[in-house]
Amino acid sequence: MASKPGPLSRWPWQDLGNYKYALVAPWAVRSTYKFVTSGSGERDLLAFAVLPVLLLRLLYSQLWITVSRHQTGRSRHRIVDKSLDFDQVDRERSWDDQILLTALLFYVVPAAVPAAQSVPWWNSKGLVVAALLHAGPVEFLYYWLHRALHHHFLYARYHSHHHASIVTEPITSVIHPFAEEVVYFTLFAIPLLTMVGTGTASVIVANGYLIYIDFMNYLGHCNFELVPKLLFDVFPPLKYLVYTPSFHSLHHTQFRTNYSLFMPLYDHLYGTADKSSDDLYQRALQCREEAPDVVHLTHLTTPASLLRLRLGFASLAAAPAPLASRRTSLLSATARPLTALVAALLGRTTAFRSEANRLHKLNLETWVVPTYTSQYQSKQGLYAVGRLVEKAVADAEASGARVLTLGLLNQANELNKNGELYVIRKPDLRTKIVDGTSLAAAAVLHMIPRGTADVLLLGDAGGKMAAVLASALCEREIQVQTVDKDLYESLKQELRPETHEHLLLLSGWSHCSSKVWLVGDKLTGEEQRRAQAGVHFVPYSQFPPDGVRGDCVYHSTPALVVPDAFENLHACENWLPRRVMSAWRAAGIVHALQGWDDHECGARVTGVDKAWRAALAHGFRPYDRHDAK
């Protein structure tokens, strides 16, 4: 909200959440019924078009969000190079309010104004009327209204809410208190009501005017320059008729310049055009992509997970893990066709950039291999995935990345032996492959309750993570128990002989009394039911277990809280909460910050204590869901 919220700042349906769309339902039913039952000359075309236009505008707005985030993530033509945060995402999550308000008004006005009930699909005269009235009264009145909103009285009560976003996104353009938005709608109603009053209104022009306003609003707030210089070279006066993203971005950074709606003409007439507008426009056009220092290569888990990416639904991507999971389950049925289509298109290419962050002088990027978890579970799928991951490793090296971390199943032993395959195939690989085992193991050790004398280790034989964990525990003289003979024999080969006394093979589940279970990603419900009440399940896997015991404690997958200096983080990593990062991803960042020149993949290990001390020294902090509660 604004710093001192004024009257009518809250939207009427603010407490309804997504149920606010129920307000449209009776009007949509009414207009559809009348359209179907009326004769061809009596149909209210304007009201009938409201629902499809509403859906179109929602989809169109989301497309702008995705394109803008993709483009600013690449840093190409980016204008304001500052950080977005979760506060801004929360503040802008109700960007669809103005679309809903427009829909309700387009239902109510035709119902109250008989002349609006008989408008045709098209009338060319209305297009002329709308264009002239927008360029004249609307732009002129908006300019002076906007200047008035920057008076300290109105600014503190209303407009400061919009200007809380220094780094704008397309949807920032429509984030206003309710009263302010109503005033804007009154201005935009001038061409619409004039067309109705003069008999020149049409469905296409009226709704086209709304789409035009959306387009220009989103253009001005997208934070990357996309208006080609050629347009101004061919027709120089265009600079007074159409603004650019860089022109309006100066209004959000300087506050007292560039007040115009879409036409800079009025800023030039009244002396408020920022003198640096042209220079910023040129610099933004020449801006080139930044080379990443660290690349984290992850993958999709399910079709619905595409929606949780930074490029997907902004509020969904920014939701803490439990909330995101519930929302995704509700949306998965409707989202499946969209995600299947997008994923099919992406699957024919290679990994795509999803996120770009910065920590001190490091440029950090997250790339997503467009594959699902299920594809890693078959030989045919594994082969296709392998080709995509290997291509991504080559692309990371070509981009100049110093470190590449492999997230989720991209480091599976069956796929690439924890990344070692790429070093074997290219011994002179300049990009260091980091599987993050050392830091992940350190994070697991931190979650084990103090005073623990023994743990039960469950997992597959031959796993690197299990071996490193067992070694670290035995070195600390904590007994490692297991009920799997193959796992026991595998660990025995990995441990130093003098630590074998701390490794114990149990003869059966009945002999297990440990209160701490270290579990891999194949923990079954049957195994969980064998545990005593109060057992701590501490996962050392990439994926969290599906908990079935209400009387036991479930800890987080290995993760750390990011440093306060970590910039541009406004999306959650899978099931982890805000500003929490998987230990495997953090390991690559620490590796680059330390300037270590070795790979950590295959049998190579950085060192559990060494990785933990380095992570803490750089501002990472321990995280455990159990402690967070």
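Which residues make the nonpolar surface patch of about 460 Å²? They are Phe140, Leu141, Trp144, Leu269 and Tyr270. Keep that patch in mind as we look around this predicted model.

## The whole protein

Let us start with the overall picture. The protein has 629 residues, and 55% of them are buried. Its secondary structure comes to 25 helices and 14 strands. Measured out along the principal axes, the C-alpha atoms fill a box of roughly 95 × 55 × 50 Å.

How is the chain connected to itself? Among contacts with a separation of 6 or more, 72% are between residues 24 or more positions apart. On the outside, the protein exposes about 27900 Å², and carbon and sulfur atoms supply 59% of this area. As for charge, there are 61 positive and 57 negative charges, and their mean positions are 4 Å apart.

## Back to the nonpolar patch

Helix H6, which covers residues 124-149, gives the most to the nonpolar patch, with three residues. Another member of the patch, Leu269, belongs to helix H12 (residues 265-269). Leu269 has a relative accessible area of 55%, so it counts as exposed.

## Three buried residues

Now for some residues on the inside. Leu456 sits in strand S6 (residues 454-457), and it is buried because its relative accessible area is 0%. Not counting residues up to four places away in sequence, Leu456 touches a list of residues including Leu506, Trp509, Cys512, Val516 and Trp517. Gln479 is 23 residues from Leu456 in sequence, and their C-alpha atoms are 8.6 Å apart in space.

Thr373 is found in the loop between strand S3 (362-369) and helix H16 (379-398). With a relative accessible area of 14%, Thr373 is buried too. Beyond its neighbours within four places in sequence, Thr373 is in contact with His299, Leu300, Thr301, Leu409 and Phe543. Ser160, in helix H7 (residues 152-163), counts as buried at 12% relative accessibility. Once neighbours within four places are set aside, the contacts of Ser160 are Ala2, Ser3 and Tyr155. Ser354 is 194 residues from Ser160 along the chain, and 30 Å separates their C-alpha atoms.

## Salt bridges

Side chains of opposite charge can pair when their charged atoms come close. How many salt bridges does a search of the whole structure find? It finds 31.

In one of them, the side chains of Arg585 and Glu355 meet at 3.9 Å, N to O. This pair links distant parts of the chain, with Arg585 in helix H23 (residues 583-594) and Glu355 in strand S2 (residues 352-359), 230 residues apart. Is Arg585 buried or exposed? Arg585 counts as buried, because its relative accessibility is 7%, and Glu355 is likewise buried at 7%. Arg585 also forms a salt bridge with Glu573, where the closest N and O atoms are 3.4 Å apart. Glu573 lies in the loop between strand S12 (559-561) and strand S13 (580-582), so its pairing with Arg585 ties together parts 12 residues apart in sequence. Both Arg585 and Glu573 are buried. Elsewhere, salt bridges that share partners join Arg78, Asp81, Glu290 and Arg358 into one network.

Lys522 and Asp460 offer another example, with side chains meeting in a salt bridge at 3.1 Å, N to O. Lys522 is in the loop between strand S9 (516-519) and helix H22 (525-529), while Asp460 is in the loop between S6 and helix H20 (464-475). Here Lys522 is exposed, with a relative accessible area of 58%, and Asp460 is partly exposed, at 44%.

Methods:
Residues numbered from 1 in each chain as written. Predicted model: local features only at pLDDT ≥ 70, side-chain atom pairs only at ≥ 80, totals over all residues. Heavy atoms only, no water. Helix = DSSP H or I, 4+ residues; strand = E, 2+ residues; numbered from the N terminus. Buried < 20%, exposed > 50% of the residue type's maximum accessible area, 1.4 Å probe, protein only. Contact = heavy atoms within 4.5 Å. Areas by Shrake-Rupley, 256 points an atom, 1.4 Å probe, with all protein chains shown as cover. Lys, Arg positive; Asp, Glu negative; His and termini not counted. Charge placed at Lys NZ, Arg CZ, Asp CG, Glu CD. Patch = residues over 30% accessible without salt bridge, like charges linked within 9 Å, V, L, I, M, F, W, Y side chains within 5 Å. Salt bridge = Lys/Arg side-chain N within 4 Å of Asp/Glu carboxyl O.
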